[in-house]
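Thank you all for making the time this morning. I would like to walk you through one structure, going from its overall make-up to a few individual positions, so please keep it in view while I talk.

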Amino acid sequence: MARERLYLFDTTLRDGAQTNGVDFTLNDKLAVAKMLDDLGIDYVEGGYPGANPIDTQLFSEGRKLAASFTAFGMTRRPGRSTSNDPGLAALLEATADAICFVAKSWDYHVRVALETTPDENLASIRDSVRAARGRGREVLLDCEHFFDGYKANAPFALACAKAAYEEGARWIVLCDTNGGALPHEVEKIVGEVVKLIPGDHIGIHAHNDTEQAVANSLAAVRAGARQIQGTLNGLGERCGNANLVSIIPTLKLKPEFAERFEVAVSDTQLKKLAHASRALDEILNRAPNRHAPYVGESAFATKAGIHASAILKEPATYEHVSPETVGNRRKLLVSDQGGKSNVLAELERIGVVVEKSDDRVARLLDEVKQREAAGFAYEAADASFELLARRILEKVPNYFDVEKFDVNVEQRHNALGQRVTVSLAVVKVKVDGESLISAAEGNGPVNALDLALRKDLGKYQGYINGLELTDYRVRILNAGTQAVTRVLIESKDETGERWTTVGVSPNIIEASFQALMDSIVYKLFKSGAPATGAGHR
Ligand SMILES: [Zn+2]
């Protein structure tokens, strides 16, 4: 049976750009648009030309995407003609394949926010769609507050949708702008709409204010809608938009949808999903959500020993889909609850070949258990685990020695008479028999120590230039009888790889030092840096 086509519309660059703390540059927007195009998204909404300089520039020339590059803007203002509305003119001038208009569909908003009449609102929709069609654009109409509007005054909400459809809009998009609708309501209301307008002209635009934007999108599809709007990682104002990163694999991997519908995203493109999700976080300089469905680092992580041995035998026992399908990987957590099978699976993943019966495996497991009892957390610190394992099972070259370090925190008055706190670190390292001394000031003691450590590592400097700390987390634990500090440091390098290292000590500087050292040594090991002189640690 031929499957019906479902269309995916991404609004990361428009609605997603409303997220608190998100500011896309022009280059960011171009990079994200390219990434969405590579994923096989049908429509990429770039922004709101005329509303700000970046979006105007974005639409000033063709962007050569396979996707329909879409400009967003408002229908003509009430009381004006289409030829006498500068906002509409900027939108019609934009170099775009499609134009997505937003219009009110809740009579309450028409009255209170627009201060106009229902008839003028309908005329504005008709005139704007006609004008854009006249310019040869594909037209979409976002019916703002559609579900709330439908509950308040169904005939008016439907009239707005119908006005656009009759003027030749390709898609009528039903928006849950406030994000308060529930899946059963969406399914019922969309079911009513598709009696008047064919479902293959209906889209859904859901917000996540009850954490059901994904469920609402799927409910709309079940009721007949054939376009889904959403964002990467669920970016968006307040609680975000429907998360395409969860929706796409659900459509492709869950039989209820996969057997009935096809999307433009191929199986090969689906494998790029985890990367796309993390790359967006990279661009936004945000730590990826470890627990993100399908693509999070913990999405296929299993802790307990008996589960781990079952997973190794038959992955389907504890996994709803296979991690490789979305470009993620299975992760068996090394922890005090885990047994030998976890450790063996992790060793296999990092490429250490060892016999199951090898005594060193038992030694490694003992070491992990002892250290975790002391406060280390290897399940969160993959790079520190790898170094520990390689040190016990084979060897990690000795690169450099830190002979001593000194960290000083001083609070004093500056020249303006303000109290300031200044941190200074001095580090003495030995590389190939040569002592190197570096000093650095930082905004805190750990920052100063990090800067001093990485300032001059002699012949290794070239290997760590791309190293960057991206996250620093501190927890105070009660291990045994005393309180200790656990520090987790996340680093990344020029290849985009991220890794986490751990340090534990009653002293926060010492704990940070351990984690910093592991991060640097891991980077040197991974880059194939040569050992210093002779000897192994
Ligand atoms: Zn929205």
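Let me begin with burial: of the 537 residues in the protein, 52% are buried, and I should say at once that this is a predicted model. The secondary structure amounts to 20 helices and 18 strands, and the C-alpha atoms, taken along the principal axes, fill a box of roughly 80 × 65 × 45 Å. If we take the contacts between residues at least 6 apart in sequence, 67% of them join residues at least 24 apart. The protein exposes about 23,700 Å², with carbon and sulfur atoms supplying 48% of that area. As for charge, there are 64 positive and 73 negative side chains, and the centres of these two sets lie 1 Å apart.

Now to the metal. Which residues coordinate the zinc ion? They are D15, through OD, and H205 and H207, each through NE2, at 1.9 to 2.2 Å. Written along the sequence, the spacing of these donor residues is D-x189-H-x1-H. D15 sits in the loop between β2 (7-10) and α1 (26-39), while H207 sits in the loop between β8 (202-206) and α9 (213-223), so this pair ties together parts that are 192 residues apart in sequence. Both D15 and H207 are buried.

Turning to the interior, the largest nonpolar core has 91 residues, and L8, F146, I172 and L251 are those with the most contacts inside it. The element that gives the most to this core is helix α7, residues 154-166, with eight residues. Apart from this core lies another, of 34 residues, including A383, F400, V427 and A448. To come back to L8, and leaving aside residues up to four places away in sequence, its contacts are I41, D42, Y43, I228, L244, I248, L251, V263 and V265.

Three of those contacts, L244, I248 and L251, bring us to helix α10. Why can we call this helix largely enclosed by the rest of the structure? Because eight of the ten residues of α10, which spans 244-253, are buried. The buried ones are L244, V245, S246, I247, I248, P249, T250 and L251. Their cover includes β2, α9, β9 (227-230), α11 (255-258), α12 (267-270) and α13 (273-284).

I would like to finish with two single positions. Y150 belongs to helix α6, residues 146-152; with a relative accessible area of 15%, Y150 is buried, because the cut-off for that class is under 20%. Setting aside residues up to four places away in sequence, Y150 touches A157, L158, I189 and E192. From C-alpha to C-alpha, Y150 and D107 are 9.3 Å apart in space, although 43 residues separate them in sequence.

The second position is S266, in the loop between β10 (261-262) and α12, and α12 is itself among the elements that cover the buried residues of α10. Is S266 buried, exposed or partly exposed? At 29% relative accessibility, S266 counts as partly exposed, since that class lies between the 20% and 50% limits. S266 and L39 are 227 residues apart in sequence, yet their C-alpha atoms are 8.1 Å apart in space.

Key: Residues numbered from 1 in each chain as written. Predicted model: local features only at pLDDT ≥ 70, side-chain atom pairs only at ≥ 80, totals over all residues. Heavy atoms only, no water. Donors = N, O, S within 2.8 Å, 3.2 Å for Na, K, Ca; no water. Helix = DSSP H or I, 4+ residues; strand = E, 2+ residues; numbered from the N terminus. Buried < 20%, exposed > 50% of the residue type's maximum accessible area, 1.4 Å probe, protein only. Contact = heavy atoms within 4.5 Å. Areas by Shrake-Rupley, 256 points an atom, 1.4 Å probe, with all protein chains shown as cover. Lys, Arg positive; Asp, Glu negative; His and termini not counted. Charge placed at Lys NZ, Arg CZ, Asp CG, Glu CD. Core = buried A, V, L, I, M, F, W, Y, C linked by side-chain atoms within 4.5 Å.
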